[in-house]
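Me: I have a structure to look at and do not know how to read its features. Can we go through them one at a time?

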Amino acid sequence: MTEAAKKKLHVKTWGCQMNVYDSERMAEAMAAQGYEATEDAGEADLILLNTCHIREKAAEKVYSELGRLKPLKARNPDLKIGVAGCVAQAEGAEIVARQPLVDLVVGPQAYHRLPDLVARSDRGAAVDTDMPPEDKFDHLPVARTPAKRPTAFLTVQEGCDKFCAFCVVPYTRGAEVSRPAARLVAEAEALVARGVKEITLLGQNVNAYHGDGPDGGTWSLADLIRRLHAVEGLARIRYTTSHPNDFTDDLIAAHGDLPKLMPYLHLPVQAGSDRVLKAMNRKHTAAEYVELIGRIRAARPDLLLSGDFIVGFPGETEAEFEDTLRLVEAVGYGQAYSFKYSARPGTPAAEKEGVGPEVASERLARLQALLGAQQRAAQEAAVGRETTVLFEKVGRLPGQLVGKTEHLQACHVEAPADLMGRVAKVRIVEAAANSLKGELA
Ligand code: SAH
Ligand code: SF4
Ligand code: F3S
């Protein structure tokens, strides 16, 4: 082995699934340069922090992590530290000014230039936050080795044109871009050939997908899902995150027609008050959202719904917050994420005064109590039902495998080891807040 072939890369990832997907692509790009992945930052020659800028807390994590890496750099002056992801895009060279131990900063649309940046950083900090017109994925290698897990992410669309008043994503990820369908089909087929059984299609607004189709036309997300449905050996398809305004009839129909499309949907609404939704620039009302959910559930009655909520958006009154509680009660979520509003630099809402931390905390606690009760009810409702589970890892108890149900609930089952990576019929016998217990049916 040459000297270069022995180098080690450690990647730490925060934020959404898109960052998880990107981290894998970066690791593959660096593998082509002779870097081997390591879980141990202490033995790495290159450390990449793939960061998230969505809320202040998330963004600040990178600086505390960089502080922790200081002793490693003191011990090994050849160690290189890079910041990637949405903080890299938002703050660029400021990161190096604030924390000089950083050797390189690379924005999410420039990952195909990573090997070049690493080389350039020999001569001082290298920063690349361009959003070049070429598709980074065209230039990033696709893995050929057996997949580590039977589930995989596949980014089909990136960026966002929606400009919700609170959100940094349109600035950190740029405009909406869809990848050509033929490439995605080829990538999905390659994943299945490596042993993947379940693919989750990713996009900041995944149902805004409108990629070039192999037939010369433009494909919708539903067109793409229908094509992937025909891939032999692929057992399950999911997609996330979708936006209510891009939910077309053909996607609703796909939920009714396509058995491989799992009955789980993450469809954020953020708030239940029309005044707040308007101030957020969501461009839909609470009633329109509830009506849409009704139409999707008519196509797929066993759908388990998940959502995102923000409490304490600037100007939100108590009565407006209660509209959110009412919407949650009307819809019924099996799972959800809820956050206190965080003012983000450069977004329109950041100019406005917040509701104050005590009010926001109190509202979040009330919303989470309601969402928590709904989640428990959904877990309990699974008991006695038959579903399928895709086994992803071994359980803590001997002879146990753990996987996900069709509703994306974690499920522990006593099962022979050869079911690992495969889908089996399971009857749910017990429910806890965050996991289920099942028996092979
Ligand atoms: N594209 C997706 C969401 C991307 S961000 C969508 O439109 O739904 C993931 C979630 O983070 C958002 O749904 C929102 O609930 C939350 N979020 C985004 N910006 C936020 C902010 N400034 N403060 C608090 N939560 C925020
Ligand atoms: Fe952010 Fe809104 Fe775009 Fe979602 S749709 S990424 S919340 S701007
Ligand atoms: Fe965070 Fe960027 Fe994803 S801000 S949520 S990592 S798109």
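Reply: We will take the ligands, then the helix pairs, then two points in the backbone. Keep in mind that this is a predicted model.

Me: Let us begin with ligand 1. How many residues surround ligand 1, and which are the closest?
Reply: Start with a list of neighbours. Around ligand 1 there are 15 residues, and the closest are Phe166, Gln204, Gln270, Asp308 and Ser342. Sorted by class, this shell has six nonpolar, four polar and five charged residues.

Me: Which strands each supply at least two residues of the shell around ligand 1?
Reply: They are β15, residues 304-311, and β16, residues 335-340.

Me: What polar contacts should I look for at ligand 1?
Reply: Look for pairs of N or O atoms within 3.5 Å. The side chain of Arg55 has an N or O atom 3.1 Å from an oxygen atom of ligand 1. Arg282 places a polar side-chain atom 3.4 Å from an oxygen atom of ligand 1. With Phe166 the backbone is involved: one of its N or O atoms is 3.0 Å from a nitrogen atom of the ligand. As for cover, ligand 1 on its own has 540 Å² of accessible area, and the protein covers 89% of that.

Me: Which residues surround ligand 2?
Reply: The shell around ligand 2 includes Cys160, Cys164 and Cys167, and also Lys162, Phe163 and Phe166. Asn205, His243 and Arg282 are among the others. By class, seven residues are nonpolar, two are polar and two are charged. Phe166 and Arg282 belong to this shell, and each has a polar contact with ligand 1 as well.

Me: And which residues surround ligand 3?
Reply: Ligand 3 has Cys16, Asn19, Thr51, Cys52, His53, Ile54, Cys86, Arg173 and Gln204 around it. That shell splits into four nonpolar, four polar and one charged. Gln204 is also listed with the closest residues to ligand 1.

Me: Now the helices. At what angle do α7 and α8 pack?
Reply: For a helix pair, give the angle, the distance and the contacting residues. Helix α7 (residues 181-193) packs against α8 (residues 221-229) at about 35 degrees, and the axes are 10 Å apart. The crossing is right-handed. From α7 come Ala181, Leu184, Val185, Ala188 and Glu189, which meet Leu224, Arg227 and Leu228 of α8. In this contact six residues are nonpolar, none is polar and two are charged.

Me: How do α9 and α11 cross?
Reply: Helix α9 (residues 249-257) and helix α11 (residues 286-299) cross at roughly 35 degrees, and their axes come within 7 Å. On the α9 side the contact uses Asp249, Ile252, His255 and Gly256, and on the α11 side Leu292, Arg295, Ile296 and Ala299. Those residues divide into four nonpolar, two polar and two charged.

Me: What is the usual backbone pattern, and where should I look for exceptions?
Reply: Most peptide bonds are trans, and most residues other than glycine have a negative phi. One place to look is the bond between Thr240 and Thr241, which is cis, with omega about -5 degrees. Thr241 sits in the loop between β13 (236-240) and α9. Another is Asn281, which is not a glycine but has a positive phi of about 65 degrees. Asn281 is in the loop between α10 (274-279) and α11.

Conventions:
Residues numbered from 1 in each chain as written. Chains lettered and ligands numbered in written order. Predicted model: local features only at pLDDT ≥ 70, side-chain atom pairs only at ≥ 80, totals over all residues. Heavy atoms only, no water. Near = heavy atom within 4 Å. Nonpolar A, V, L, I, M, F, W, Y, C, P; charged D, E, K, R; others polar. Polar contact = N/O pair within 3.5 Å; in protein donor to acceptor, adjacent residues only side chain to side chain. Areas by Shrake-Rupley, 256 points an atom, 1.4 Å probe, with all protein chains shown as cover. Helix = DSSP H or I, 4+ residues; strand = E, 2+ residues; numbered from the N terminus. Axes fitted to C-alpha atoms, helices over the stretch in contact; angles between N-to-C directions. Left-handed = near helix turned anticlockwise from the far one by under 90°. Contact = heavy atoms within 4.5 Å.
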